[in-house]
Amino acid sequence: MQIFPNEFLDVIIQYKAVFSKRIYSHVQFLLTGAILCQGKRTVNSVLRILGLGKVKNFGKYHRVLSRAKWSALACSKILLRQILRLQLPGDDVVIDIDETIERKWGSKIGKRGIYRDSVRSSKSHFVKCSGLRWLCVMLLTDIVWASRVWALPFLSVLAPSER
């Protein structure tokens with residue numbers, strides 16, 4: 001019995017080579033839930049939206065992100081190719097990089113550092129904050145029906161300080 005629509009399977013089948021067969025079945029559920037989920041896209045909220053909130057072996061879905069061996073870089077290459085296929089011929093390809101500080105605390109967060117807070121800082125006022133620094137790489141594209149440019153992220157990388 002097929003539970004996913006063919007249009008969805010056509011998009012995600014390209015990621016099958018990145019994951020093992022056992023993990024790929026969990027990835028299908030996580031991707032579906034992430035698309036349907038509103039608000040924060042945590043594993044718990046993704047499972048809840050799919051009706052799997054009370055499943056007993058929910059830990060296997062958490063392990064997809066924490067322990068399973070797969071390459072985020074390989075997934076981002078596939079995603080970038082998919083996004084570029086949607087670009088109109090002759091459109092310029094504009095790539096942007098955004099730096100975001102995620103404020104995290106705790107003794108188990110080893111990659112935390114002190115960074116310049118670009119949101120609260122100005123040319124004359126320097127504000128530092130503690131947290132994790134993420135670099136997000138995105139394709140900027142003009143969405144005709146939205147009448148504006150959208151940023152379509154295809155890679156996020158943790159960028160800790162050199163110290």
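How are helix 2 and helix 4 oriented to each other, roughly parallel or roughly perpendicular? I'll take that first, then the pockets. Keep in mind that this is a predicted model.

The axes of the two helices, 2 and 4, come within 10 Å and cross at roughly 100°. Angles of 65 to 115 degrees count as roughly perpendicular, so helix 2 and helix 4 are roughly perpendicular to each other. On the helix 2 side, the contact is made by I23, H26, V27, F29 and L30, and these meet K60, Y61 and V64 of helix 4. Sorted by class, that contact has six nonpolar residues, one polar and one charged.

Now the largest pocket. Its volume is about 1,400 Å³. There are 29 lining residues, and L31, A34, L65, W70 and L79 are the closest to the centre. Helices 2 and 4 come up again here: each supplies at least two residues of this lining, as do helix 1, helix 3, helix 5, strand 3 and strand 4. The class split of the lining is 23 nonpolar, four polar and two charged.

On to the second largest pocket, at about 330 Å³. Its lining residues include I83, L86, Q87 and L88, then T141, D142 and I143, and also W145 and W150. Helix 5, strand 3 and strand 4 each give two or more residues to that lining. Strand 3 has the largest share, with three residues. By class, the lining of this second pocket comes to eight nonpolar, two polar and two charged.

That's what I have on the helix pair and the pockets.

Notes
Residues numbered from 1 in each chain as written. Predicted model: local features only at pLDDT ≥ 70, side-chain atom pairs only at ≥ 80, totals over all residues. Heavy atoms only, no water. 1 Å grid on protein atoms, 1.4 Å probe; cavity = no way out; pocket = protein on both sides within 12 Å on 5 of 7 lines; lining within 4 Å. Points joined across faces, edges and corners; volume = space filled by probe spheres on them. Nonpolar A, V, L, I, M, F, W, Y, C, P; charged D, E, K, R; others polar. Axes fitted to C-alpha atoms, helices over the stretch in contact; angles between N-to-C directions. Parallel < 35°, antiparallel > 145°, perpendicular 65-115°, else oblique. Contact = heavy atoms within 4.5 Å.
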